[in-house]
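The following paragraphs lead the reader through a protein model, beginning with a detail of the backbone and then turning to the chain as a whole. Please keep the sequence and the structure in view while reading.

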Amino acid sequence: MPASPSTARAINDRLALRLLQQEGPLTAGQLKQLTGLSRPTVADLVERLTVAGLISVVGESGEQRRGPNARLYGIVADRAQLAALDVRTEGVTVVVADLLGAELTRASVPIADDAGTGPAVEQAVALVERAAKEAGAERLHTVGIGAPGLIDPATGELRDSSGLPEWHRRLVAALQERLPARVIVENETNLAALAEQRDGAARDRDTFVLLWLGHGTGAAVVLDGRLRRGASGGTGEIGFLPVPGTATLPSATDCEGGFHSLAGGAAIAELAVAHGLAATGSPGEPRAAALVGAAVAAVSSASTASSESTVSSPSTPDADRFRYDRADRFLSALADRLAVGAASVVAVLDPGCVVLGGEVGQAGGEVLAARVGERLARMSPLPAEVRAGTLGGGAVLRGALLTARESAQDDLFAPHPR
């Protein structure tokens, strides 16, 4: 049956708003061309969205004559302000942005291990309130939170998880009480995957798995364009995966002995030290990522020198050659470890693509991804491309902001009675 006039108007409005979101400011003529709607229909929806305060004139097109059709219409970015939080065991980072996702302010606060639950929650909430005030946001519309741990698929709440501080769970409730905003919490690795798919290494993939390599380990599964969370919200808890090469087996309350023992930040740092490596990272950079980055730099430098020489082996002084050998062996040993986890995921899901995300994945870059890919090809009959994540640890915050933005736009762009 044909849509009612009100339904047709709602569909046309949403289409126009999505085009303005994706393409930026457009003229009425451009909206007519992109939507296929008639000129009177476009004129009607432009007036309707302008009166609703969702779009406004933001300039004029230089390619057309001056007049009504030359006006450029854009979404009213300050119609709503959003916040995104990256909640780690050691602290919180917040970004406040407008409705289009443009960053207005960013702030962080460290939270000590011995901070009590109450003080830790207060520090984090106060950070969000200060950031909102600095951004000129009287009221936040939506807050997206990325945190480690399991998200209950029935309630959307962060579940109690052993090994994670109690203030993580209390923070969500505190924000809901203190802020007149919609609060959405999601597992950090899932948000990283959404960000890598939208803006990073998986932009051309509808099906892939992201291996999170940072302080801890995790995996996010995207199949046919949809993020899969599992029956209990635990899809991707790869840190608990039993693997060879560990001294024990993981338990229901401790991932020691699982894949985390091979690929967690502490394990990677120990592996690097065992190979004689050292590195000084930048402020806030995880030590494991700094060590991997230094190893990649050493190998890449030697490889460049080798390619510029007629000698097949790296043409570097003895000291540089020694650093190259240690870095090369370390990266090979790390690739062996990562390939074990990647092969397990590929054998079960056949995703066709594995993204090495997090700070370590970004630091390893194409050098580490290529080594993991070579080993994976030998271990699995299923083809799977291995890519380096491009967003690093910032993917969590980016994913949280994308989630908050889409939720706010769904609410504000929803059809309302005239």
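In which loop is Asp-224 found? In this predicted model, Asp-224 is found in the loop between strand β10, residues 217-223, and strand β11, residues 226-228. The backbone of Asp-224 has a positive phi of about 50°, although the residue is not a glycine. Asp-224 counts as exposed because its relative accessibility is 64%, and exposed means over 50%.

A second aspartate may be examined in the same manner. Asp-350 has a positive phi of about 50° and is likewise not a glycine. Asp-350 is found in the loop that runs between helix α10, residues 318-349, and strand β12, residues 353-357. With a relative accessible area of 42%, Asp-350 is partly exposed.

From these two positions the description may be widened to the entire chain. The secondary structure of the protein chain comprises 12 helices and 13 strands. Its C-alpha trace spans about 75 × 60 × 45 Å along the principal axes. The protein chain has 418 residues, of which 50% count as buried. Where contacts link residues at least 6 apart in sequence, 63% of them join residues at least 24 apart.

The surface and the charges complete the account. The accessible surface of the protein chain amounts to about 19,700 Å², and carbon and sulfur atoms contribute 51% of this area. The protein chain carries 39 positive and 48 negative charges, and the mean positions of these two sets lie 6 Å apart.

Conventions: Residues numbered from 1 in each chain as written. Predicted model: local features only at pLDDT ≥ 70, side-chain atom pairs only at ≥ 80, totals over all residues. Heavy atoms only, no water. Helix = DSSP H or I, 4+ residues; strand = E, 2+ residues; numbered from the N terminus. Buried < 20%, exposed > 50% of the residue type's maximum accessible area, 1.4 Å probe, protein only. Contact = heavy atoms within 4.5 Å. Areas by Shrake-Rupley, 256 points an atom, 1.4 Å probe, with all protein chains shown as cover. Lys, Arg positive; Asp, Glu negative; His and termini not counted. Charge placed at Lys NZ, Arg CZ, Asp CG, Glu CD.
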